[in-house]
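Please examine the sequence and the structure shown below before reading on. The report that follows describes selected parts of the fold for a reader who is new to the subject.

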Amino acid sequence: MGTKQDVDTLQFEEKKQQAMMMTQTDFLEEYYPSAHKINNELFFPECYNFGEVITETGEKMETMYREETFRVAVPLQKVIALQHLVHLYGNDTHHELADSKVPDELNDEFMQWQMGWLQKNIDVAIYEAGRSEEITGDKAIVFYMYQGKAYTKVLSFLNGDTLYPHYDMITGEMNLFARRFSSYDENNKEVISWVEVWDDTYLYRYKQTKVGVKGAINKAKNALGLDGYELVYQQPHGFPTCPVAYQRNADNGPGWNDVQYLVDEIEVALSYWAKSCASTANDAYIMKGDDVEIKGDPLGRVRAFTMGKDDDVQLLEKKTGGDFFKGYIERLFKELFRGSFTVEPPELKSGDTPASTIKLIYAPNLDLAMLQAKDQQAFINRVRYLFSIAYGMEQKRITEFMRLNDHILSYLVPFVQEDTAGKVANLVALKNAGLMSTETGAEHNPYTTNQEADRIFKEQKQQQAADRLYQLKTATQS
């Protein structure tokens, strides 16, 4: 049995965890500079001081005044998110058939399947979902059929959606998914709250009115523990499973979560630095004598002095903390990029930089992207599976595409800054050395299309037919 001290410690830890709880709204506030902590007076308060003023009667009176406050907010979260997204989703999803021997029929189906993937912009949907996960911590793509055509929709907190997955306790598979969103009037006041739910068979839509008499009744229901939602729509979605691919960030937060405190420190340091620079921006002078007169311009800047022969004017030496702030801020930036696996692009002194050097510069981005690609594998597999069903129903070939889905490997290939001409030269060298087939080389060539191998084979057949025809003509003439 625990002691009272153990109970107090446990309660303290629970309160600390509650205090540290972050919501997706907090993530958005971190993402947009206008909502950063530096703009909050509780985090970075205004500065007040006291000074003497002379009243109209000539008396001196002490008064309090507010000093000018400099607040510097920088979009470092956008920089981090952009670099993460570019290196993880910069390349399209790679697909290949896993079989060692591929029948021509299966290869033709695979080509059509890839064309559908491109036409339906699935890679764009994957990127938009990835952006949602990078910024808000989770993402979802729902597939649906409309008038016989397959479509996708990205669900994200960025678009006003709150996502609720439900998993089977035994298998761990998602068997139910809900999305909550709201409708607003012209004054940005919530009018209706909606909840859409997908299970293995149906799409349900629930509605809760927020205004009028019905809204008052729903508020009373909520106070009594009732939700106040009513079912307004129920239809089969046409898929044999829940048509939603969902994933939550492995770190339960945005991509900059581990270095957010450094962003706050940088903005505070920049704000103090800005104040220090402003306080020493104007020159200060020591004037000796009674006949010194300052000549200025309309902007208040000192242009000249007039004085007697015994008078003197000297420029006061400035004492600033600029060098200290500069070194401190540079150190904070270094730790920020290191902790978020991002890179501040260096200023290259020469025009041509070897591809190997560029790879080393961006190595932290690539390291993170390679690990993130593994984390995304289950999501990519789910998207491929649902696409095979949806596109199969559209093309009325669901049996063939579902069979094809079992033979396809799909995965993300992290984007690497590389020399394209050098890559093509390496492919040619491997082909000439007999270590790579023409078809494999065509698949990895950055200048080719998905059907490049078929086009090469077709050109070879046409050339063979032309050669054969020429031989026949030559034999007839002789």
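The sections below treat two groups of strands, a pocket and a helix.

## Basis of the report

The model described here is predicted.

## The open sheet of β5, β4 and β11

Strands of a sheet pair through backbone hydrogen bonds, in either a parallel or an antiparallel manner. An open sheet in this model contains 3 strands in the order β5-β4-β11, and their pairing is antiparallel. Its edge strands are β5 (149-155) and β11 (244-248), each of which pairs on one side only. From one strand to the next, the twist averages 15°.

Strand β4 (residues 138-146) is joined to β11 by 5 bridges. Within this antiparallel pair, A140 stands opposite Y246 of β11.

## Strand β8 and its partners

Strand β8 (residues 190-198) has 7 buried residues out of 9, and it is therefore largely enclosed by the rest of the structure. Here, a residue counts as buried when its relative accessible area is under 20%.

Strand β7 (residues 174-184) runs antiparallel to β8 and is joined to it by 8 bridges. One bridge pairs F181 with W194 in β8. The hairpin of β7 and β8 has 5 residues between the strands, and in this hairpin N188 takes a positive phi near 60°.

Strand β8 also pairs with strand β9 (residues 202-209), in the antiparallel sense and over 7 bridges. In this pairing, V197 stands opposite Y204 in β9. The hairpin that joins β8 to β9 passes through 3 residues.

## The second largest pocket

The second largest pocket holds about 460 Å³ of space. It is lined by 26 residues, and the closest to its centre are N249, D251, G255, L368 and Q372.

Which elements each supply at least two residues of this lining? They are α3 (76-89), α5 (122-136), β11 and α10 (363-375). Strand β11, already met as an edge strand of the open sheet, thus also appears in the pocket lining. By class, the lining consists of 10 nonpolar, 10 polar and 6 charged residues.

## Helix α11

Helix α11 (residues 377-395) has 19 residues. The distance from its first C-alpha to its last is 26 Å, close to the 27 Å expected at 1.5 Å a residue.

Several residues of α11 are buried, among them F379, I380, V383, L386 and F387. The buried residues also include R384 and E394. Just after the helix, K396 takes a positive phi of about 55°.

Terms used. Residues are numbered from 1 along each chain as its sequence is written. This is a predicted model: local features need pLDDT of at least 70, side-chain atom pairs count only at pLDDT 80 or more; totals for chains, interfaces and linings use all residues. Side-chain values use heavy atoms; hydrogens and water are left out. Helices (H or I, at least four residues) and strands (E, at least two) are DSSP runs, numbered from the N terminus. The expected span of a helix is 1.5 Å times one less than its number of residues. Buried means under 20% relative accessible area, exposed over 50%, partly exposed in between (1.4 Å probe, protein chains only). Two strands pair if DSSP finds at least two bridges between them. Axes are lines fitted to C-alpha atoms, for helices over the stretch in contact, and angles run from 0 to 180 degrees between N-to-C directions. On a 1 Å grid over the protein atoms alone, a cavity is a set of points where a 1.4 Å probe fits but cannot get out, and a pocket is an open set with protein on both sides within 12 Å along at least five of seven lines; lining residues have an atom within 4 Å of a point. Grid points are joined across faces, edges and corners, and a volume is the space filled by probe spheres set on the points. Ala, Val, Leu, Ile, Met, Phe, Trp, Tyr, Cys and Pro count as nonpolar, Asp, Glu, Lys and Arg as charged, and the others, Gly among them, as polar.
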